[in-house]
Every structure is written in structure tokens, then in C-alpha cells.
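Thanks for making time this morning. I would like to walk you through a few charged pairs and one helix, so please have the sequence and the structure open as I talk.

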Amino acid sequence: MLLSRSALDARMAVASGALAPLADSIAADLDRLLPDESAWVPPEKARLTRRGGRCERDGLLLEFDPRSPRRHRCPACDTWYEGEDHYRWWVMGYQLWLAERAVHAAVLSRLRPAGRHAGLARAILAALADRYLTYPNADNVLGPTRPFFSTYLESIWLLHVVVAQSLLELGAAPHPLDGRVREQIVEPSSRLVASFNEGDSNRQVWNSAALAASGLLLGDQAMVEEALDGPGGAGWHLSHGLLEDGTWYEGENYHLFAHRGLWYLVALAASAGFPLDLELVERFDRGFVAPLLTALPDFTVPARRDSQYGISLRQWRLAESLELGLARHPDAVELAAGLGVMYGDGPAGDPQRWRSTAEAERNVPGVRLTLPYGGAARQ
């Protein structure tokens, strides 16, 4: 869906050569965190409350640990919290984390076919398919959703489910799971997402990305065209959401979130053979370097509007964004320089890729990155 079969096949050599340490580290995370194919899915949906997920003393978000559903630590004062509100907040992160691990496993199944990862990806998708329709579309905050409390979170989750499924299907014989994922997740979830168009919002970027991917998987051309060319679709966001310099109109914090969703939309448009305005695509490409141009001297994001204070740019998710931009424009010296800073200096520590929750914002302390993210740096 995002890459052709030949492009994926070409990456097999890279995954066993220059980038073998990166593939090894992703595989090691999966083996450590999901050691077998019995993926657990929470029976409850996520819930947003004033208290859940925050330290009562410091007001900070509690750490997310996919292995600890009932006990949650404050990174500032080391206080541990329990209770239903904190658990339901944790469910949000876990659902996104699990869908992202399905993608990681599906990618490795393509790059290293002899491993266990196809079975792990299918086990995750099967467990999600069994559970999805049991969640009530109720007690929501921003739009309809089953596993979460806001539609955009389900969109991020659905996008990862679809990408994982498409990777498993590419060039493979039909599998009994294929129909279950379509019928029990993708079709009902995409209908839910499509019913709530948020217009100019950064959240709608992810709604449209999920619908474009779902339409491609389901063979629904009308859904694809609406997601790419309709109100709140790819063309709309490129022309209305991005300013001339490539920055998202809502500011730096929202730019990081929205631009990654736009990357999916631009890639999906290319996969669908849908032409986007070249000047708008160039505007999108300028957005890769935007976080570097407004970075403060300590390499943090300006805390404007409602963004968190002191967000470091030394995070693996931003390095990944810069590398995606560099892949599109290998001669972009600003992107190379930004990566040089991330890989060249900064405090040692755990980049925390292993606890990432898909594309939902979860900032961690900035550390010096290495290739692979979290390999040598974690040790």
C-alpha cells in the first residue's frame, strides 16, 4: 500500500546488510514485549477523565508501559498510581501500541520471511478483529469511536491495522484472516470515521489517511477519492492547512502531528495513482525541515498555545520524520544537519521506541540517538 512489492523486496538486502542492526532491534523489542502469539486485547474501551493518566502532585502524564496495565509511574516524583481511571487511560496507549506492533511484525515478516513475525502480526489482528465490535460506540468526547474516546484516535489505530494487513497480503496466498479483518474491523470502523468530518482540524488529517488506506484495502474507489480530493482530504489540507513555508497553520506542536498524517496521505495518493498539485507537494516537502527552523537553542520546540513545555527534538519519531524527508530529497542539507545533531550529541539514555504509541503524541526526554534507535543508546 505504501510501497510496491519490488520496493519491499529490494529492502530485504538492506535489512540483512547495512540496516540489520535496526531490524534486529525491532525484532528484539517484539520478542521481549510479545514473546508469543497470544496477543492480549483489553475488554474495556479507553476513557478520558480529568484524573486518569496524570500525577496528582506534579500534573505530568504518567509513563506508559505496555506491560503494566494496572500500575503507572510518575516520571517526576516516582509515585505509582492504580485505579480504574488510570487503567482506562492506559488502554488508549495500549491499543495504539498494539496496532503499531502489528505493523512492525508485518514489516519484519516481509523483510525476514523465515521468522515468527507473520504469525505474530496475524495473531494481533485476529485478536483485534474478535474484540472490535464488542466495544460500545458510547461515552465519547470528540466524535464516534469504539475502542477510544475520540474519532482521530481510532483513525490512527485503523490506519495501522490496514497497513499491517496490506503487508501480510502482498504477494501472499489468501488467508482466512483476510476476510475477518475487512468485515470485523475495516468496514465498520471506516464507516464510523467517515461519519465525522472535522474539516480543517489536524485530527481530520488522520481521519482522511485512515479512510484512504481503508478504501484501497477494500477496493472502494469512492472512499479513496473522497479521502484524497473531498472536503478535509489530502488536497484540502495541503492547500488550506499548510502555510507557504510548509508549516501547519496551528503551530509547531500540531505541525509534528499533522505533517506525519500528511505524509501518509501523500504516499497513499501516489499508491492510488491520484495526482496531487505539484506546488502543494513541494509545500508539503518544505514541512520536513520546519521543526528545525523554529527550534530553540536547546533543541526544543517553542511552547506556544497549548503545547507542552520543553519538548525535545531529540526523539526517534522526529528523526524518523527527517529521514522520510531525506528519502524524498537526498540533497536536503538542512535535514542531514538535523540528523547530524540527533546522532552526534545529547545525553545518553533510552529513546523509548519500545513504548511508542503509534502517532499519538507521547513526548519523552531527549537523548542522543544511534542507529538503530534504542540499540547502543539503551545499553
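Let me begin with Glu56, which forms a salt bridge with Arg51, the closest N and O atoms being 2.9 Å apart; please keep in mind throughout that what you are looking at is a predicted model. Glu56 counts as exposed, at 54% relative accessibility, whereas Arg51, at 35%, counts as partly exposed. This pair does not stand by itself, since salt bridges that share partners join Arg47, Arg51, Glu56 and Asp85 into one network.

Within that network, the side chains of Arg47 and Asp85 meet in a salt bridge of 3.3 Å, N to O, and this pair links distant parts of the chain, with Arg47 in the loop between α2 and β1 and Asp85 in helix α3, 38 residues apart. Arg47 is partly exposed at 22% relative accessibility, and Asp85 is partly exposed as well, at 21%.

Another pair is Glu37 and Arg116, whose closest N and O atoms are 2.7 Å apart in a salt bridge. Glu37 lies in the loop between α2 and β1 and Arg116 in the loop between α3 and α4, so the pair ties together parts that are 79 residues apart in sequence. Over the whole structure, the search finds 25 salt bridges.

Finally, let us turn to helix α13, residues 316-328, whose 13 residues should span 18 Å at 1.5 Å a residue, which agrees with the 19 Å between its end C-alpha atoms. Its buried residues, including Trp316, Leu318 and Leu322, pack against α3, α10, α12 and α14.

Notes:
Residues are numbered from 1 along each chain as its sequence is written. This is a predicted model: local features need pLDDT of at least 70, side-chain atom pairs count only at pLDDT 80 or more; totals for chains, interfaces and linings use all residues. Side-chain values use heavy atoms; hydrogens and water are left out. Helices (H or I, at least four residues) and strands (E, at least two) are DSSP runs, numbered from the N terminus. The expected span of a helix is 1.5 Å times one less than its number of residues. Buried means under 20% relative accessible area, exposed over 50%, partly exposed in between (1.4 Å probe, protein chains only). Contact means heavy atoms within 4.5 Å. A salt bridge is a side-chain nitrogen of Lys or Arg within 4 Å of a carboxyl oxygen of Asp or Glu.
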